[in-house]
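Take a walk through the model below. The route goes from one strand residue to a pocket, then along the helices.

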Amino acid sequence: MSSDDNALQVCLLVQGTGIFDALNVLNAAERQFLLPGIFAPRTYGPEASVRSDIQDPCYGPLSLTRRFDICLILSSSSGFSMAKKAAPFSFDQCRERLTGLFAQTSLEISEAQIEQLTILLEMLNTWNAALNLTAIKDVDQMAILHILDSAAVCPVVRSVEGVKSVADVGTGAGFPGLVLAIMNPDLNFTLIDSVGKKLSFVRQVVTRLKLANVELINKRCEEIEHEPFDVIVSRAFAPLERMISWCLPLLDRSGRMVAMKANLEDSEIQDVPETVKIERIEELKVPELDARRQAVVLSHA
């Protein structure tokens, strides 16, 4: 860590509106006080390309050749302050907690998948301190409201005959898409969001967990050109009618759209356009969640 000017000299690579990739060339002791992003010594300033022989503490050799767009100088004191925002995290306790929560469901999950979900929570807790990815700060609540809430829709997705491709529209920090991708390695997932900073986090999770069945799209739905998906799933980011108008063009003619809703109003059902059919509304059971969760399954009319 540089002692010059009592400051950390940080180069932060940004693509569009979000961080593109994480590159940390500091040692492990220094790294714990830094925020996720692109970190490099001051000699690699905004006009310098990233060297291909740099070793990352987590991911090993990197071969990035893109240029830095922004050079950010972060003082040591502010770095420590922001790092302290992350909630305390015990990996073993979190793994045991997830194991106990899944035991309260009928969902099938392996120890390896529990391990991956624990890493996901650990990364979410760390990155959330920097990027404000979710309003939920408590790790236990993250486990219930993000991991288990996302996992609850898994049987609905699997129930679609012949499903191979799944899109998560408005994935945010990767929910439910990342959880479903971990639990269903035989399916292909496309996680879509227009907010670059959130997808920068999702990209790091995909890299860390080596999720070969996940691709990311940083665009609005109406801007996307893609092969139609067998299933489109979303934790409702808008009223049902608007979700349908954005997602339906991306849905295969024989596919299903699964809208996860917390407070489904009768008016939303009445406003569903005639171009779609509501096949069923399923109650989702999330352990230790005292709130209603439903999945609205729709198809082309």
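**From a strand to a pocket**

K261 sits in strand β13. The model is predicted, so every distance and area here is computed from predicted coordinates. Is K261 buried or exposed? K261 is buried, because its relative accessible area is 7%, and the cut-off for buried is under 20%. The charged side chain has a partner: K261 makes a polar contact with the side chain of E268, at 2.7 Å. Other residues pack around K261 as well. Leaving out residues up to four places away in sequence, K261 touches A236, A238, P239, L240, E268, R292, R293, Q294 and V296.

One of those contacts, A236, leads to the second largest pocket. That pocket holds about 460 Å³ of space. Its lining is made of 25 residues, and the closest to the pocket centre are H146, G170, F175, R235 and A236. Three elements give two or more residues each to this lining: α5, β13 (251–261) and β15 (293–300). Which of the elements gives the largest share of the lining? The answer is α5, with three residues. By residue class, the lining divides into 11 nonpolar, eight polar and six charged residues.

Now follow α5 itself. This helix covers residues 139–151. Its 13 residues should span 18 Å at 1.5 Å a residue, and the end C-alpha atoms are 17 Å apart, so the length agrees with expectation. How many residues of α5 are buried? The count is 11 of the 13, so the helix is largely enclosed by the rest of the structure. The buried set consists of V139, M142, A143, I144, L145, H146, I147, L148, D149, S150 and A151. H146 therefore has two roles in this picture: it is buried within α5 by the under 20% cut-off, and it is among the residues closest to the pocket centre. Look at the start of α5 too. There, a side-chain oxygen of D138 comes to within 3.1 Å of the backbone nitrogen of D140.

Helix α8 offers a second length check. It runs over residues 196–209 and has 14 residues. From first C-alpha to last it reaches 20 Å, close to the 20 Å expected at 1.5 Å a residue. Its buried residues are G196, L199, S200, F201, V202, Q204, V205, V206 and L209. After α8 comes K210, with a positive phi near 55°.

Next, go to helix α3, residues 91–103, where R95 is placed. R95 counts as partly exposed, because its relative accessibility is 26%. Which residues does R95 contact beyond its neighbours within four places in sequence? They are I114, E115 and T118. With E115 the link is specific: the two side chains make a polar contact at 2.9 Å. With I114 the backbone separation is also available. The C-alpha atoms of R95 and I114 are 6.6 Å apart, although 19 residues separate them along the chain.

Finally, step back to the whole chain. The protein chain has 10 helices and 15 strands. Of its 301 residues, 50% are buried. Consider the contacts with a sequence separation of 6 or more: residues 24 or more positions apart account for 68% of them. The K261 and E268 side chains and the R95 and E115 side chains give two polar contacts to inspect on screen.

Key: Residues numbered from 1 in each chain as written. Predicted model: local features only at pLDDT ≥ 70, side-chain atom pairs only at ≥ 80, totals over all residues. Heavy atoms only, no water. Helix = DSSP H or I, 4+ residues; strand = E, 2+ residues; numbered from the N terminus. Expected span 1.5 Å × (residues − 1). Buried < 20%, exposed > 50% of the residue type's maximum accessible area, 1.4 Å probe, protein only. Polar contact = N/O pair within 3.5 Å; in protein donor to acceptor, adjacent residues only side chain to side chain. Contact = heavy atoms within 4.5 Å. 1 Å grid on protein atoms, 1.4 Å probe; cavity = no way out; pocket = protein on both sides within 12 Å on 5 of 7 lines; lining within 4 Å. Points joined across faces, edges and corners; volume = space filled by probe spheres on them. Nonpolar A, V, L, I, M, F, W, Y, C, P; charged D, E, K, R; others polar.
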